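Grab your favourite viewer and work through these exercises with the structure open. Each one sets a task, then walks through a solution.

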Amino acid sequence: MLIIGIAGGTGSGKTTVVNQILNELPADEVCVISQDSYYKETHHLTYQERTKINFDHPKAIDFDLLVNHISDLRKGEIIEQPVYSFVTHDRVKDTLITHPRKVVIVEGILIFNSRELRDLCDIKIFVHADADERLIRRVRRDIEERGRDVNEVLTRYQNTLKPMHQQFIEPTKNYADIIIPNDRYNTVAIDIVRTVISQKL
Ligand SMILES: Nc1ncnc2c1ncn2[C@@H]1O[C@H](COP(=O)(O)OP(=O)(O)O)[C@@H](O)[C@H]1O
Ligand SMILES: O=c1ccn([C@@H]2O[C@H](COP(=O)(O)O)[C@@H](O)[C@H]2O)c(=O)[nH]1
């Protein structure tokens, strides 16, 4: 099994890179684990209280469960991946049955903050895009797909996303084996990653 960690700031293009890698691999040889699915359960809070959570701090992530699940996959076990709603800011009741595959991709802004998770990754990739580019993408995506308004996204960016990115996300670039510059679509980098995966497999 080959475990690939893909980190990078919000809007850097992690999900896009994952999809580009998936395009070239047979569906039954790869599974994807999203760090977003592992935001801590907050059923006990009201919606208003949940909107105040700092989702860009490592404490917001249930790293114990995430690490256990990746370890279980490594052992060949099936896991029940939680499913998260960005609209309610909470996990939903459903889970996603996820089978171990030859290639396991773990993606998320904070994954390299966990030493155990870093150690589980055979290849660590950091997707880089400049802050202004990420902000533009985030504004568009959160309005179109996550039910936010522009004021809410910009306020969150200033108060939380930017400082958390500087404190917790950007420094983890140092752990990366490969850094993908993604201000533009970078087909050369994707080809290189695919070649590395093929060689390792
Ligand atoms: N290289 C790129 N150039 C332009 N837009 C991009 C690029 N990569 C991703 N995007 C767009 O930016 C938005 C955020 O990308 P996404 O892959 O969801 O980022 P992340 O998972 O890192 O938050 C999406 O709308 C996506 O289509
Ligand atoms: O309920 C939530 C939980 C998280 N977020 C934001 O999502 C991003 C991480 O997702 P990416 O796909 O990597 O952008 C993070 O910056 C959180 O602020 C949210 O908006 N609501």
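**Exercise 1.** Find which residues come nearest to ligand 1, and work out what its shell is made of.

*Solution.* Keep in mind that you're looking at a predicted model.
- Step 1: start from the 13 residues around ligand 1; the nearest of them are G13, K14, T15, T16 and R137.
- Step 2: sort the shell around ligand 1 by class, which gives eight polar residues, four charged and one nonpolar.
- Step 3: ask where they come from. Both α1 and α5 supply at least two residues each, and the top contributor is α1, with three.

**Exercise 2.** Now do the same for ligand 2: which residues surround it, and how do they divide by class?

*Solution.*
- Step 1: list the shell around ligand 2: T10, G11, K14, D36, Y39, F55, D56, F86, H89, I109 and L161.
- Step 2: sort by class, and you get five nonpolar, three polar and three charged residues.
- Step 3: look for residues you've met before. K14 is in this shell, and K14 is also among the nearest residues to ligand 1.

**Exercise 3.** Trace the open sheet: what is its strand order, and which strands sit at the edges?

*Solution.*
- Step 1: get the overall inventory, seven helices and seven strands. Along the sequence they go β-α-β-α-α-β-β-β-α-β-α-α-β-α.
- Step 2: five of the strands form an open sheet with parallel pairing, in the order β2-β5-β1-β6-β7.
- Step 3: look for strands that pair on one side only; these are the edges, β2 (30–34) and β7 (178–181).
- Step 4: check the twist. Ignoring direction, neighbouring strands in this sheet are turned by 20 degrees against each other on average.
- Step 5: zoom in on one pair. β1 (residues 2–8) and β5 (residues 103–107) run parallel and share five bridges, and I3 has V104 of β5 as its bridge partner.
- Step 6: add the helix. α1 (residues 14–23) packs on the sheet, where it touches β1, β2, β5, β6 (123–128) and β7, and its direction makes about 170 degrees with that of β5.

**Exercise 4.** Inspect the hairpin of β3 and β4: which residue takes a positive phi?

*Solution.*
- Step 1: β3 (residues 79–85) and β4 (residues 90–98) run antiparallel, joined by six bridges. Q81, for instance, stands opposite L96 in β4.
- Step 2: four residues lie between the two strands of the hairpin, and H89 has a positive phi near 55 degrees.
- Step 3: cross-check with Exercise 2, where H89 turned up around ligand 2.

**Exercise 5.** Place R148: is it buried, exposed or partly exposed, and what does it contact?

*Solution.*
- Step 1: R148 is in the loop between α5 (131–145) and α6 (150–169).
- Step 2: count neighbours. R148 has 18 C-beta neighbours inside 10 Å, so it counts as partly exposed; being buried would take 20 or more.
- Step 3: skip neighbours within four places in sequence, and R148 contacts D142, I143 and V153.
- Step 4: for scale, the C-alpha atoms of R148 and D72 are separated by 35 Å.

**Exercise 6.** Why does the radius of gyration agree with a compact globule?

*Solution.*
- Step 1: a compact globule of 201 residues would come out near 17 Å, and the protein has 16 Å, so the two agree.
- Step 2: the C-alpha atoms fill a box of roughly 45 × 35 × 30 Å along the principal axes.
- Step 3: buried residues make up 33% of the 201.

How values were computed: Residues numbered from 1 in each chain as written. Chains lettered and ligands numbered in written order. Predicted model: local features only at pLDDT ≥ 70, side-chain atom pairs only at ≥ 80, totals over all residues. Near = placed C-beta within 6 Å. Nonpolar A, V, L, I, M, F, W, Y, C, P; charged D, E, K, R; others polar. Buried ≥ 20, exposed ≤ 12 C-beta atoms within 10 Å, placed from the backbone. Contact = placed C-beta atoms within 7 Å. Pairing = 2+ DSSP bridges. Axes fitted to C-alpha atoms, helices over the stretch in contact; angles between N-to-C directions. Rg over C-alpha atoms; globule rule 2.2 N^0.38 Å.
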